[in-house]
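This report describes one protein chain for a reader who is new to structural analysis. Please keep the sequence and the structure in view while reading.

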Amino acid sequence: MHLVEVFLPLNTNDGTPQPIGLFRSVREQLANQFGGVTAFTRNPAKGISLLEDNERAEDDIIVYEVMVEAVDRHWWQSCCR
């Protein structure tokens, strides 16, 4: 078994909140595909990306997790768009 984590930022790069329907849609796709999903949504996690010139970008994120027998790269590449 493999644990797959999906990190979703609460806001776009310009600070605009993501539409709530996006999170619902991704959650439903994962639940339907894998028979369940765990969502960590109460306290957003902090994501930090290191950029050029020692700058940092920080995001509040939620995390969805699913357990899979095998990782289907083709499905993941087309998932949740």
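Which residues does P17 touch, not counting residues up to four places away in sequence? The section on the loop below gives the reply.

## The model and its overall layout

The structure discussed here is a predicted model. Its chain contains two helices and three strands, and from the N terminus on these elements follow the order β-α-β-β-α. Along the principal axes, the C-alpha trace spans about 40 × 25 × 25 Å.

Of the 81 residues of the chain, 20% count as buried. The chain exposes about 6,200 Å², and carbon and sulfur atoms supply 48% of this area. Among contacts between residues at least 6 apart in sequence, 63% join residues at least 24 apart.

## The loop that holds P17

P17 is found in the loop between strand 1 and helix 1. Leaving out residues up to four places away in sequence, P17 touches L10 and N11.

Is P17 buried or exposed? Its relative accessible area is 56%. Exposed residues are those over 50%, so P17 is classed as exposed.

## The sheet

The three strands form an open sheet with the order 1-3-2 and antiparallel pairing. Strand 1 and strand 2 (38-50) are the edge strands, since each pairs on one side only. On average, neighbouring strands of this sheet are turned by 40° against each other, direction ignored. As a general rule, strands of a sheet pair through backbone hydrogen bonds, either parallel or antiparallel.

Strand 1 and strand 3 run antiparallel and are joined by eight bridges. Within strand 3, I62 is the bridge partner of L8. Strand 2 and strand 3 also run antiparallel, and nine bridges join them. Here F40 stands opposite V63 in strand 3, while A39 stands opposite Y64 in strand 3. The hairpin of strand 2 and strand 3 has five residues between the strands, and D53 in this hairpin takes a positive phi near 60°.

## The nonpolar core

Which residues make up the largest nonpolar core? This core has 12 residues: V4, V6, L8, F23, V26, L30, I62, Y64, V66, V68, W75 and C79. Strand 1 (2-9), helix 1 (20-34) and strand 3 (56-68) are the elements that give two or more residues to the core. Strand 3 provides the largest share, four residues.

Helix 1 lies across strand 1 and strand 3, and runs at about 25° to strand 3. One member of the core, V4, shows how residues far along the sequence can meet. Leaving aside neighbours within four places in sequence, V4 is in contact with Y64, E65, V66, V68 and W76. Of the residues just named as contacts, Y64, V66 and V68 also appear in the list of core residues.

## Aromatic pairs

How many aromatic pairs does a search of the whole structure find? The search finds three. One of the pairs is formed by F34 and W75, whose arrangement is edge-to-face, with 5.1 Å centre to centre and 80° between the planes. This pair links distant parts of the chain: F34 is in helix 1 and W75 is in helix 2 (residues 73-78), 41 residues apart.

The two partners are covered to unlike degrees. F34 has a relative accessible area of 25% and is therefore partly exposed. W75 has a relative accessibility of 16% and counts as buried, because buried means under 20%.

Why is the pair of F34 and W76 stacked? The ring centres of F34 and W76 are 5.5 Å apart and the ring planes stand at 15°. Planes under 30 degrees apart count as stacked, so this pair is stacked. Because F34 lies in helix 1 and W76 in helix 2, the pair ties together parts that are 42 residues apart in sequence. F34, W75 and W76 form one aromatic cluster.

## Summary

In this predicted model, an open sheet of three strands has the order 1-3-2, and helix 1 lies across strand 1 and strand 3. The largest nonpolar core draws two or more residues from each of strand 1, helix 1 and strand 3. An aromatic cluster consists of F34, W75 and W76, and W75 is also part of the largest nonpolar core.

How values were computed:
Residues are numbered from 1 along each chain as its sequence is written. This is a predicted model: local features need pLDDT of at least 70, side-chain atom pairs count only at pLDDT 80 or more; totals for chains, interfaces and linings use all residues. Side-chain values use heavy atoms; hydrogens and water are left out. A nonpolar core is a set of buried Ala, Val, Leu, Ile, Met, Phe, Trp, Tyr and Cys residues joined through side-chain atoms within 4.5 Å. Buried means under 20% relative accessible area, exposed over 50%, partly exposed in between (1.4 Å probe, protein chains only). Contact means heavy atoms within 4.5 Å. Two strands pair if DSSP finds at least two bridges between them. Axes are lines fitted to C-alpha atoms, for helices over the stretch in contact, and angles run from 0 to 180 degrees between N-to-C directions. Rings of Phe, Tyr and Trp (its six-membered ring) pair if their centres lie within 6.5 Å; planes under 30 degrees apart count as stacked, over 60 as edge-to-face and the rest as tilted. Accessible areas come from the Shrake-Rupley method with a 1.4 Å probe; for residues, only the protein chains shown count as cover.
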